[in-house]
Amino acid sequence: MKLDKLPKEDQELVKELGMTSHQYEWHKKYNLERKSYWDCFGKAVPTHPTMQRVAETEGIIFGKYEVVECDVHRGIVVCQVTGTWGDRQCSALGEAHPRNNKNAYPTAMAQKRAFDRVVTELTNSGMYTESDMMGDDFAPSSGFKEAEQEEQRKKTNEQAIAEAIAENKEYESD
Amino acid sequence: MRVIENLRSSMFKSYCMGLRTSRKKQLEYDKTCTQKKIWDTKYIDWGTKHEVNGVAKWIKLNRKMPKYILDEQESFVIPGWHDGIGLSTTPDGLSGTCLIEIKCSAMGKNTYSEFPEEHLWQVYGQQMIMSHQGHDIEKTHLVNWTPKHTKIWEIQRNQDYEDYMGSLLKDYIEGLVHDKKLTPKPEKYQGKHKIELIYNNGDTNGKI
């Protein structure tokens, strides 16, 4: 697929969000829009409502969420869910704990992450999802307070930058 | 008598050339560890608030995440650089060999029409200190951010200027430590700079 053969506005979207041709095909398949994504430093990250829409379009059926671990006082929730799409099935875990989640709703976040991961896997989107990018699930574990504070600072910075990018866009388009 | 321990790069223009604050007045402040009183802090507040927008603009354009930004900012110090007085700097970011300095000008009303040479003291000062601290520094991107328009200048490292600035800083330190008499306005730098406007998304200097 050649970039210059795409409609002009799609060319801009692909460039802006650094989409691969595979990701673009996925995007077109579900008739998505710019607002379906969060711009994570130039990477396309589908939002949770986008993943819900994709799941609905495809008729993915979800089983019951199984709580693997839950300690809401410490902000730790891990849950698992299985999605079925035709003859395909996929299970995924969603986890939220203070090192990868800073909002006050770890249960909802764990549920979102499990859901998004199942849809990502089944539809082969080739992208990380918003609920995953909201924390750094892939950071090496550390028991040291300083390392945790450093990680928290990084997350705060990344969020501040993402918000400022959106703010700059609004300023410039006014 | 207690004097300051480090000269900050953001003040090099005053230490070296008496810009904004005369060398004599600055010396008085530094000998007594006092600060010039700033009555109108709205420009500083604006710059502090919108530094994140300048950093975000740079990231969006370059698609890289720099180090030492925002909450991760760090101060770099050359302790006891001359006669026991050190040099310090806190860059707004560092990406590879490129330092990032954010300037949110005129409360967002307009960008600079020309590159303000006044900022060269800070820019070259940062390059000098960061290089001394083992970072391989080639250039600085000075991001002049306003809500509507942004300009980015690229300033290449200039060893000749660093030598010139270094001698003026040593001169100032000797005034601080040994009461050496300072020349109020030293001779200006005669060499050339490598400064290039590499980004400009407005054509009216940002004037709305």
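Colleague: Let's start with chain A. What percentage of its 174 residues count as buried?

Modeller: In this predicted model, 29% of the 174 residues of chain A do. A residue earns that label if 20 or more other C-beta atoms lie within 10 Å of its own.

Colleague: And what is chain A built from, in helices and strands?

Modeller: Six helices and six strands. Going along the sequence of chain A, you read α-α-β-β-α-β-β-β-β-α-α-α. If you take its contacts with a separation of 6 or more, 50% are between residues 24 or more positions apart.

Colleague: Take two of those helices. Why are H3(A) and H4(A) called oblique?

Modeller: H3 (residues 48-58) and H4 (residues 106-123) of chain A pack at about 50°, with 10 Å between their axes. Roughly parallel needs an angle under 35 degrees and roughly perpendicular needs 65 to 115, so about 50° fits neither and the pair ends up as oblique. As for handedness, H3(A) and H4(A) make a left-handed crossing.

Colleague: Which residues bring H3(A) and H4(A) together?

Modeller: From H3(A) you have His48(A), Met51(A), Val54(A), Ala55(A) and Glu58(A), and they meet Lys112(A), Phe115(A), Asp116(A), Val119(A) and Thr123(A) of H4(A). Sorted by class, the contact of H3(A) with H4(A) comes to five nonpolar, two polar and three charged residues.

Colleague: On to chain B. How many helices and strands are in it?

Modeller: Chain B has five helices and eight strands, in the order β-α-α-α-β-β-β-β-α-β-β-α-β. Of its 208 residues, 39% count as buried. Among its contacts between residues at least 6 apart in sequence, 73% join residues at least 24 apart.

Colleague: Give me one residue to test. What makes Val123(B) buried?

Modeller: Count the company: Val123(B) has 27 other C-beta atoms within 10 Å. The bar is 20 or more, so 27 clears it and Val123(B) is buried. Val123(B) is part of helix H4 (residues 120-132) of chain B. Beyond its neighbours within four places in sequence, Val123(B) contacts Glu101(B), Thr140(B), Leu142(B) and Ile155(B). Gln156(B) is 33 residues away along the chain, and 9.7 Å separates the two C-alpha atoms.

Colleague: Then how do you know that Asn110(B) is partly exposed?

Modeller: Asn110(B) has 18 other C-beta atoms within 10 Å. Buried takes 20 or more and exposed takes 12 or fewer, so 18 falls in between and Asn110(B) is partly exposed. You'll find Asn110(B) in the loop between strand E5 (98-103) and H4 of chain B. From Asn110(B) to Thr150(B), 40 residues apart in sequence, the C-alpha to C-alpha distance is 9.1 Å.

Colleague: Back to helices. Why is H4(B) called roughly perpendicular to H5(B)?

Modeller: The axes of H4(B) and H5(B) come within 10 Å, crossing at roughly 100°. The window for roughly perpendicular is 65 to 115 degrees, so 100° sits inside it, which makes the label apply to H4(B) and H5(B). Trp121(B), Tyr124(B), Gly125(B) and Met128(B) on the H4(B) side meet Tyr161(B), Glu162(B) and Met165(B) on the H5(B) side. By class, the contact of H4(B) with H5(B) is five nonpolar, one polar and one charged.

Colleague: What about H2(B) and H5(B): at what angle do they pack?

Modeller: H2 (residues 23-31) and H5 (residues 159-178) of chain B pack at about 50°, axes 10 Å apart. With roughly perpendicular beginning at 65 degrees and roughly parallel ending under 35, the pair is therefore oblique. H2(B) passes H5(B) in a right-handed crossing. Arg23(B), Leu27(B), Asp30(B) and Lys31(B) of H2(B) meet Tyr172(B), Gly175(B) and Leu176(B) of H5(B), and that contact has three nonpolar, one polar and three charged residues.

Colleague: Which residues have the most contacts inside the largest nonpolar core?

Modeller: Cys16(B), Val55(B), Met165(B), Leu169(B) and Tyr172(B), in a core of 47 residues. Apart from it lies another core, of 15 residues, including Ile60(A), Ala110(A), Val118(A) and Leu122(A).

Colleague: Last one: how many residues does each chain bring to the contact between A and B?

Modeller: Chain B puts in 15 residues and chain A puts in 13. The chain B side divides into eight nonpolar, one polar and six charged.

Definitions and conventions:
Residues numbered from 1 in each chain as written. Chains lettered and ligands numbered in written order. Predicted model: local features only at pLDDT ≥ 70, side-chain atom pairs only at ≥ 80, totals over all residues. Axes fitted to C-alpha atoms, helices over the stretch in contact; angles between N-to-C directions. Helix = DSSP H or I, 4+ residues; strand = E, 2+ residues; numbered from the N terminus. Parallel < 35°, antiparallel > 145°, perpendicular 65-115°, else oblique. Left-handed = near helix turned anticlockwise from the far one by under 90°. Contact = placed C-beta atoms within 7 Å. Nonpolar A, V, L, I, M, F, W, Y, C, P; charged D, E, K, R; others polar. Core = buried A, V, L, I, M, F, W, Y, C linked by C-beta atoms within 7 Å.
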